[in-house]
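Below are my comments on the model, as numbered points. They cover helix packing, one chain interface, salt bridges and two backbone details.

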Amino acid sequence: MSGIDAHLPALQVVVPMLTAGFVVLLKQRGLAWAAATAASAMSFAIAVQLTLAAIGADPIVYEMGNWPAPYGIVLHIDSFSAVLLLIITGASTLSLVGGHASLESQIALDRQPYYFAAWLLAVAGLCGIVITGDAFNIFVFMEISSLASYVLIAGGPDRRALPAVFKYLIMGSIGATFYLIGVGLIYLMTGTLNLADMEMRIANVDDLRPIYLAAGFITVGLALKAAVFPLHVWLPNAYTWAPHVTTAFMAACATKVMLYVLFRFDYLIFQGNLEGHAVQFTGYLMPLSLIAILVGSVIAMLQNNVKSVFAYSSVAQIGYIVLGASFITAAGMTAGVLHIFNHALAKGALFLAIAVFAMACSSLKLEDIGGIAKKMPVTFIGFVIAGLSLIGVPGTAGFISKWYLITAALEFGTTGAFIVAIVLISSLMAVYYVWRIVEVAAFGERLESAPEVSISKPLIVVLWVAVFANLYFGFVPELPVALATETSAILLEAKP
Amino acid sequence: MTELFGIFLLTLLVITAIAVVRAQNLFVAVMLMGIASLLIAVNFFLLDAADVALTEAAVGAGISTVLFLSALALTVDREKAPKTKFGLALAVTIVACLVIFYATLGEPRFGDPNSPVQLHVGPWYLEKTPEYVDIPNVVTAVLGC
Amino acid sequence: MDILGLFNYWVFAILLMIGFYAVLAKKNLIKKLIGLALFQSAVFLLYITVGKVKGGTAPIFSATAEGDVFSNPLPQVLILTAIVVGISVTALGLGIVVRIREEYGSIEEDEILEMDRQ
Amino acid sequence: MFVVFTAGIGVLFLLGHGRVRGTLEEETRTNEGLRHYLIPRVVGQLLIPFIILFGLYVQFHGEYGPGGGFQAGAIIAAGLILYALLEGEKHALNVVPQKVLLGMMAGGAILYTTVGIFGMLLGGNFLDYSVLSDNTVKGQQMGIILIEAGVGITVTGTLLAIFHAFAARDN
């Protein structure tokens, strides 16, 4: 690589950050949005370039300030980072392009520059977490992205967004601080912050007690931020009361980035070096994720607000990802990473569809969306296809990851059969909660009090782009499967 | 001697922290928090972290206190008496505390020049800073880089 | 002296847990933020302790410091950043609390939950 | 540094609009600060120039003693906040208006990234300052001074903006 190409890893973070600085100053109507969208599209282009360069090749390493590792900060991009980069920048770009009208209706004009600046900082922070190879740098980016997400969520017009975001802030900060303590303890024992260097140097540590403590702190802290059951309590309300476009963006990528860090640490750094860590990881996370899948789906079935249905469903879907990872096999990990990708597609599309519905309904309570299908048939079909993808119907992206997950589970004999049963039960529950909404939307009566239908064309176009992605990757899953297989090879390499 | 002074300050710090949590009047709690920040700052100075001490004094004791006070002016300055007892929270924190105590037994002793931190990465900065950057304050040099 | 060598770590643990207790048990939102600030300063103490060398001085070169032992600068750099993070979280948290007070008229968690349930 | 920038944006987003203090009587009532208290006012006014001078010293002498952009920003902001407390918030806003603060917030952040990008354009990596000058050590020093200036500007602007966002809020 030469010229500008060589700097793409740095630009991935720098472009949104620099633009965020300018966006704050743009007061004219729509200008802040345009600048943010352009920056986001540019980082998506960069992410695509990086993915093409990373796939099937050695990891791309970029030394910030030309300081050699482990002394300076290095950026490190492999297939796993590429998956996340695609999701983050893709979700951000789609939501921004389509979200203009929806945001105009939900966020006051004079607050918009701040909102878009925070959006770009969130993108920069999330990308930063994914590409940096330095444990402390991850913390800094984590806080940038979290603070920015608090702003994005607090923008919701309903006052209930505020307590929700406060809860998120407290729990998120505790999670990040736990992570920081864990990194501090590892640093204390190894003297390094570079992830690759850490992996090697832990092997030489005599007394492993502080490292075990660090493993505990890091796993719990990141699980808190990733909303792994039972630490998910901040997620449903935050997603429900956030502005609709924020939800579409955050639901697609925010928690998954934390899972990325979690897997990086647990697989690469702890598993090869700590005896019994693999057993503990499976022993705790497998039951928890199974409970998460069931409990999340059951609560989703009982919700009365369309957004909280899918917020709780997210808890269950995070359960699937963690379940795949907790097998600690190549097949399981592949399924987990695939589900990161496919769930982002399905959830992103669903929340985009909900954003369209929201423009024609007084609220998102189940009774208020009655009869919406007749008013917005195009959106409704998109919603149904995305819902099918969430359930995992053949022909959609969701099916691919469930298929891989079930195949991976069957390697385990009786336990595997039990897991497959739970996955199937939960899929049936998903059928139920998606159907409940579809039924009301298609056959319910439209309320007299419902506001005039205002249709935002860009939003519908974007929704259909997302829906087509769901179908495309359901029939032609080569790209995500290749990335996921490579990822699981990278992550499992450290396993004895 | 400085070690003893440090231990004295840290003990004070723990006492202040307990007082912060117990204070029902939020105004008192914020003021005590400022004192705790100053104590920590002095401790940082004893631990050879001049830059961090300066920052903690300016930010922890200064800006953060002002922000808390202006927030109090906009809300209320008394905490309502708790209705329920928090046995569970207390139990969780005590257990976690004991676990950390146990794990610390494996950590290098305070100020040990042969601990891994002092042997890896860190010294490189001290060694190379004059050659590459030539700025006397290593902390500024590394931070800028 | 062996046990005393761990004193700083123990203070870190106690301070951490005092802050954590405040965050978990207190229902007042501002009190929670104060607890969070304590919680974070405990971590600062851990890092700075890690960097200390016995008999060392602050890592600033000067004519008189020739040949001195310096403490490790890296943890100090990290904690500078972490202090910035701490104040940022506090400021944003307080902003949210002020808005909550305006919308709900209360900053007690249980009262707010009560109002939302209605 | 981008963390504090984010927090500033957040607080302005939450508190910068809506119920900002409105009527004239209220303004005179609440905006007088400590004007009628002679001793705090005189002592405070004596202190402010020294605090700001110390802040500048910490900023530009940060390479030789303890200090740097962030500390300097916090100290200068503290000095200006003291002024606001003494003279009333409105006077302080006359000295440094909100627009300037916003410009400082964004400007510092932009300066920081631009220096990094210059390193890139001149053939180094991002944030590689050694290429900024013929002499690599000189370049490093130049880079650090510029970056510290960026940090100092953003931190001063952000902390003051956050303070004013709280102070201007109607109770």
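1. Helix α6 of chain A, residues 161-190, packs against helix α2 of chain C, residues 29-51. In this predicted model, the two axes are 10 Å apart and the angle between them is about 10°. Because angles under 35 degrees count as roughly parallel, α6(A) and α2(C) are roughly parallel to each other. Sorted by class, the residues in this contact are 18 nonpolar, 4 polar and 1 charged.

2. A helix pair within chain A gives the opposite case: α3(A), residues 79-106, and α4(A) pack at an angle of about 170°, with 9 Å between their axes. The angle makes α3(A) roughly antiparallel to α4(A). On the α3(A) side the contact includes Ser81(A), Leu84(A), Leu85(A), Ile88(A) and Glu104(A). On the α4(A) side, Tyr115(A), Phe116(A), Trp119(A) and Cys127(A) are among the residues met. The class count for this contact is 13 nonpolar, 5 polar and 1 charged.

3. The interface of chain A and chain D brings 34 residues of chain A into contact with 24 residues of chain D. Between them the two chains bury about 2600 Å², and 79% of that area is on carbon and sulfur atoms. Which residues of chain A lose the most area to chain D? They are Leu18(A), Arg111(A) and Tyr114(A), which together account for 21% of what the chain A side buries.

4. Which elements of chain A give two or more residues to the side that touches chain D? Helix α1 (8-23), strand β1 (60-63), helix α4 (112-131) and helix α5 (135-154) do. The largest share, 8 residues, comes from α1(A). By class, the residues on this side of chain A divide into 25 nonpolar, 5 polar and 4 charged.

5. How many salt bridges does the rule find across the interface of chain A and chain D? The count is 0. The number of residue pairs in polar contact between chain A and chain D, with both residues at pLDDT 80 or more, is also 0. The pLDDT condition should be kept in mind when quoting that second figure.

6. Over all chains, the salt-bridge count comes to 7. One pair to inspect is Glu109(C) with Lys27(C), whose closest N and O atoms are 3.6 Å apart. Glu109(C) lies in helix α4 of chain C, residues 109-117, and Lys27(C) in the loop between α1 (7-25) and α2 of chain C, so this salt bridge ties together parts that are 82 residues apart in sequence.

7. Two backbone details of chain A deserve a look. The peptide bond from Phe229(A) to Pro230(A) is cis, with omega near 0°, and Pro230(A) is found in the loop between α8 (209-225) and α9 (235-241). Ala227(A) is not a glycine, yet it has a positive phi of about 60°. The place of Ala227(A) is likewise in the loop between α8 and α9 of chain A.

Terms used:
Residues are numbered from 1 along each chain as its sequence is written. Chains are lettered from A and ligands numbered from 1 in the order in which they are written. This is a predicted model: local features need pLDDT of at least 70, side-chain atom pairs count only at pLDDT 80 or more; totals for chains, interfaces and linings use all residues. Side-chain values use heavy atoms; hydrogens and water are left out. Axes are lines fitted to C-alpha atoms, for helices over the stretch in contact, and angles run from 0 to 180 degrees between N-to-C directions. Helices (H or I, at least four residues) and strands (E, at least two) are DSSP runs, numbered from the N terminus. Angles under 35 degrees count as roughly parallel, over 145 as roughly antiparallel, 65 to 115 as roughly perpendicular and the rest as oblique. Ala, Val, Leu, Ile, Met, Phe, Trp, Tyr, Cys and Pro count as nonpolar, Asp, Glu, Lys and Arg as charged, and the others, Gly among them, as polar. Contact means heavy atoms within 4.5 Å. Buried area is the accessible area (1.4 Å probe) that two parts lose on being put together, summed over both. A salt bridge is a side-chain nitrogen of Lys or Arg within 4 Å of a carboxyl oxygen of Asp or Glu. A polar contact is a pair of N or O atoms within 3.5 Å; within protein, one must be able to donate a hydrogen and the other to accept it, and residues adjacent in sequence count only if both atoms are side-chain atoms.
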